[in-house]
Amino acid sequence: MFKSLTKKVTAGITAAALGLSITFSAPATAEAISLGDVIGVTVSAVAARQQIKKQIANFNDTETGRSNLLSQFQKEHGVNDDPVLNARLDKIMQELTYAVGKVDSSIYEKPYKYFVSADKTLNAACSLGHVMMVNTGAFDYLATDDEIAAIVGHEMGHGQKNHVAKGNEKNITKAALAQMGVIAAGGGTLANVVGALTLKNSTAHGSKKYETEADNLAWEYMLNTDYNIGACAAVMQRLSELYGGKAQNKFASFLNPSDHPNTDSRRDNYAKKLYEYSGKHASAKDGVITINGKKFTTIAKTTNMSSAERSFFVLGNLAKAYHNGKMAGKAIVHNGSIYIEDQLIMSPSAGDEDVYTLAERLNAIK
């Protein structure tokens, strides 16, 4: 969750410049309020709301507004210029932009503005105007680009459906109206106030419905990439292990407690999708891979991934092989990994069963 901006803004703008006629000094008595006063206040409130809505649209829809919002994000969270991390994010964004474009061509009308932030927490965020950041912490905590692509895909789902504006316009408007008196007195600009409130609300999309929609869109996008589709469930497993899957943790920004479903339910949603994508042949639970009702193997943990997290990558490969009709072929061992035709199934690590034993068992139960 983003910190509220506390820096004072200095550029002045008058109520007249906004086309407002708000008077903030109250009449001495209730009897002193005339019908004209009431109408004047009402008209002023309407005008203020219109100006706030215009500023939100500026950040959301214009190149100038989007660029200004990007600059505010970068100033607030810092920029990591590491060439390796930026190259990785560029590749992820290129592949996901193509994937999103296959189901929603509007992405090309408003390409994403993105950067790697210096923030060390595991988080990514998409604000108004398709302005996105991926924290350095995401690269630190997640073992694969597949998992980073899964959370970026989730944020792009928010962006494509305009969730920040839909979920927060009322909150931003209410908070901005509360500061109109300060603005009218020369204490700042409406653009700066709305920009600060936009930053504050960028990770809260106002509805669990929006979060579920973004999760489902991330799945659709990942299906159109070369990334492992099991990464969607794997990253939720990772988050559950880091922060707890039942109750939300206030330090887990990606798991904003105000509007995100609990992590275990999100993981299970993806696990169900993998099962169905496999034609209901393959599943994974607690690190155990089951194929056609028979145990295939228990996946070993590695130094950077738990058994359960790693099992979803194997399940992703199996689901893709079943979905693409390749399981009729024979499982073979090539360079220490199991393949069926050109589809990788599993690359055993220390602690896993022998690769030839696994290939033989897979052929017997698939």
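Tutor: Helices and strands here are DSSP runs, at least four residues long for a helix and at least two for a strand, and they are numbered from the N terminus. The model is predicted.

Student: How many helices and strands does the protein chain have?

Tutor: Buried residues make up 50% of the 366 residues in the chain. Among contacts between residues at least 6 apart in sequence, 67% join residues at least 24 apart. As for the elements, the count is 13 helices and 9 strands.

Student: What share of the exposed area in the protein chain do carbon and sulfur atoms supply?

Tutor: The chain exposes about 16900 Å². The part of this area that comes from carbon and sulfur atoms is 52%.

Student: Where is S306 found?

Tutor: Leaving aside neighbours within four places in sequence, S306 is in contact with Q237, E241 and K301. As for its place along the chain, S306 belongs to the loop between strand 6 and helix 12.

Student: How many Å apart in space are S306 and A234, C-alpha to C-alpha?

Tutor: A234 is one of the buried residues of helix 10. In sequence, S306 and A234 are 72 residues apart. In space, their C-alpha atoms are separated by 9.6 Å.

Student: What span should helix 10 have at 1.5 Å a residue?

Tutor: Helix 10 covers residues 231–243, which is 13 residues. The expected span is 1.5 Å times one less than the number of residues. The end C-alpha atoms of helix 10 are 18 Å apart, which agrees with the expected 18 Å.

Student: Which helices do the buried residues of helix 10 pack against?

Tutor: Helix 10 is mostly covered, with 11 of its 13 residues buried. Among these buried residues are C232, M236, L239 and Y243. They pack against helix 4, helix 5, helix 9, helix 11 and helix 12.

Student: What phi does G244 take?

Tutor: G244 comes just after helix 10. Its phi is positive, at about 95°.

Student: Which residues touch the most other members of the largest nonpolar core?

Tutor: The largest nonpolar core has 69 residues. A second, separate core of 22 residues includes A48, F115, I172 and A176. In the largest core, the residues asked for are V152, M156, I289, I291, L318 and L362.

Student: In which order do the 3 antiparallel strands that include strand 4 stand in their open sheet?

Tutor: Strand 4 (282–285) and strand 6 (294–298) are the edge strands, each pairing on one side only. Strand 4 and strand 5 pair in the antiparallel sense over 4 bridges, with V288 of strand 5 as the bridge partner of K285. The order of the open sheet is 4-5-6.

Student: What angle does the direction of helix 12 make with that of strand 4?

Tutor: Neighbouring strands of the sheet 4-5-6 are turned by 25° against each other on average, direction ignored. Helix 12 packs on this sheet and touches strand 4, strand 5 and strand 6. The angle between the directions of helix 12 and strand 4 is about 175°.

Student: Is K280 buried or exposed?

Tutor: K280 is found in the loop between helix 11 and strand 4. It has a positive phi of about 65° although it is not a glycine. Exposed means over 50% relative accessible area. K280 has 54%, so the residue is exposed.

Student: What phi does E341 have?

Tutor: Most residues other than glycine have a negative phi. E341 lies in the loop between strand 8 (337–340) and strand 9 (343–346); these strands form a hairpin with 2 residues between them. Although E341 is not a glycine, its phi is positive, at about 55°.

Student: Which residue in strand 9 is the bridge partner of I340?

Tutor: Strand 8 and strand 9 pair in the antiparallel sense over 3 bridges. Y339 stands opposite L344 in strand 9. The bridge partner of I340 is Q343.

Student: Which strands stand at the edges of the open sheet with the order 7-8-9?

Tutor: The pairing in this sheet of 3 strands is antiparallel. The edge strands each have a single partner strand, so one side of each is left without a neighbour in the sheet. They are strand 7 (331–334) and strand 9.

Notes:
Residues numbered from 1 in each chain as written. Predicted model: local features only at pLDDT ≥ 70, side-chain atom pairs only at ≥ 80, totals over all residues. Heavy atoms only, no water. Buried < 20%, exposed > 50% of the residue type's maximum accessible area, 1.4 Å probe, protein only. Contact = heavy atoms within 4.5 Å. Areas by Shrake-Rupley, 256 points an atom, 1.4 Å probe, with all protein chains shown as cover. Core = buried A, V, L, I, M, F, W, Y, C linked by side-chain atoms within 4.5 Å. Pairing = 2+ DSSP bridges. Axes fitted to C-alpha atoms, helices over the stretch in contact; angles between N-to-C directions.
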